[in-house]
Amino acid sequence: MSEEKAAELTALQAALAAEHAAVYGYGVVGGRIREGRRTEAKAAYDAHRARRDALVREVRDLGGKPVAASAAYALPFPVPDSAAAVRLAAELEDRVAGVYSDLVRASTDGLRGTATEALREAAVRAVRWRGGSVPFPGLAERAAIPTASVTPTA
């Protein structure tokens with residue numbers, strides 16, 4: 001495998017891991033979000049599941065073994081209520097946007113367009129959850145807010 005394809009595969013695996021974490025995180029969001037935002041949370045959950053499934057196929061197409069989801073993930077803060085669930089959703093989207101930013105840099109051809117679209121979608125969802133935008137979505141080093149990490153616990 002060429003060095004370019006190896007870098008692309010590494011970035012794909014990171015995006016897949018982030019999507020696994022986002023799917024888990026949105027499970028928490030869905031359980032705590034107020035009624036009026038459940039449809040939005042469900043749509044985001046479905047979008048991340050679809051991206052995750054597409055990334056599994058992309059990794060396999062490049063000859064890799066897709067990284068598996070962890071059984072559980074440590075959340076960046078407690079999520080006891082709807083306000084915290086909204087904050088978590090915004091942070092999940094920031095994290096996913098950052099990983100897709102890396103995939104844009106590492107990819108070529110059609111995959112770059114797909115990664116760019118995923119980055120845009122995550123940035124738009126983050127704005128909706130947060131109620132405002134950040135400069136340079138997906139680029140933590142340029143943004144005014146740090147990205148959250150949702151890490152596996154098992």
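## Close-ups of a four-helix model

**View 1. R125 and the residues around it.** Leaving aside neighbours within four places in sequence, R125 touches A44, A47, H48 and E93. The model here is a predicted one. R125 sits in helix α4, and with a relative accessibility of 13% it counts as buried, because the cut-off for buried is under 20%. Two of its partners, A47 and H48, belong to helix α2. E93, for its part, is among the α3 residues that make the contact with α4.

**View 2. H48, a buried histidine on α2.** Buried or exposed, where does H48 fall? Its relative accessible area is 0%, so H48 is buried. Helix α2 is where H48 lies. Once neighbours within four places in sequence are set aside, H48 is in contact with E19, A22, V23, Y26, E93, V96 and R125. Helix α1 covers residues 3-32, the stretch to look at for E19, A22, V23 and Y26. E93 and V96 are on the α3 side of the contact between α2 and α3, while R125 is in α4.

**View 3. A47, also on α2.** Like H48, A47 is part of helix α2. A47 has a relative accessible area of 21% and is therefore partly exposed; the buried class needs a value under 20%. For a pair to check in your viewer, take A47 and E19: they are 28 residues apart in sequence, and their C-alpha atoms are 9.7 Å apart in space. A47 also shows up in the contact list of R125.

**View 4. The pairing of α1 and α2.** Helix α1 (residues 3-32) packs on α2 at an angle of about 155 degrees, and the axes are 9 Å apart. That makes the two helices roughly antiparallel, because the angle is over 145 degrees. The crossing of α1 and α2 is left-handed. Sorted by class, the residues of this contact come to 14 nonpolar, five polar and six charged.

**View 5. α2 against α3.** Helix α2 (residues 38-61) and α3 have axes 13 Å apart and pack at about 25 degrees. Why call this pair roughly parallel? The angle is under 35 degrees, so α2 and α3 count as roughly parallel to each other. α2 passes α3 in a left-handed crossing. From α2, the contact uses A44, H48, R51 and L55; from α3, it uses E93, V96 and Y100. That set divides into four nonpolar, one polar and two charged residues.

**View 6. α3 and α4 side by side.** The axes of helix α3 (residues 82-106) and helix α4 (residues 109-130) come within 8 Å and cross at roughly 160 degrees. α3 is thus roughly antiparallel to α4. This crossing, too, is left-handed. On the α3 side the contact includes V86, A89, A90, E93, D94, V96, A97 and Y100, and on the α4 side it includes L111, R112, A115, T116, A118, L119, A122 and W129. The full tally for the contact of α3 with α4 is 15 nonpolar, two polar and six charged residues. E93 is worth picking out, since it also takes part in the contact of α2 with α3 and is on the contact list of R125.

**View 7. D109 and its backbone.** D109 has a positive phi of about 50 degrees although it isn't a glycine. D109 lies in helix α4, a helix that spans residues 109-130. With a relative accessibility of 70%, D109 counts as exposed.

**View 8. G63 and the start of the chain.** G63 is found in the loop between α2 and β1 (73-74). Its relative accessible area is 65%, so G63 is exposed. Along the chain G63 and M1 are 62 residues apart, yet their C-alpha atoms are separated by 9.1 Å.

**View 9. Zooming out to the whole protein.** How many helices and strands are there? The protein has four helices and two strands, and along the sequence they follow the pattern α-α-β-α-α-β. Of its 154 residues, 44% count as buried. Among contacts with a separation of 6 or more, 76% come from residues 24 or more positions apart. The accessible surface is about 7,900 Å², with 54% of it belonging to carbon and sulfur atoms.

Note on methods: Residues are numbered from 1 along each chain as its sequence is written. This is a predicted model: local features need pLDDT of at least 70, side-chain atom pairs count only at pLDDT 80 or more; totals for chains, interfaces and linings use all residues. Side-chain values use heavy atoms; hydrogens and water are left out. Axes are lines fitted to C-alpha atoms, for helices over the stretch in contact, and angles run from 0 to 180 degrees between N-to-C directions. Angles under 35 degrees count as roughly parallel, over 145 as roughly antiparallel, 65 to 115 as roughly perpendicular and the rest as oblique. A crossing is left-handed if the near helix is turned anticlockwise from the far one by less than a right angle, and right-handed if clockwise. Contact means heavy atoms within 4.5 Å. Ala, Val, Leu, Ile, Met, Phe, Trp, Tyr, Cys and Pro count as nonpolar, Asp, Glu, Lys and Arg as charged, and the others, Gly among them, as polar. Buried means under 20% relative accessible area, exposed over 50%, partly exposed in between (1.4 Å probe, protein chains only). Accessible areas come from the Shrake-Rupley method with a 1.4 Å probe; for residues, only the protein chains shown count as cover.
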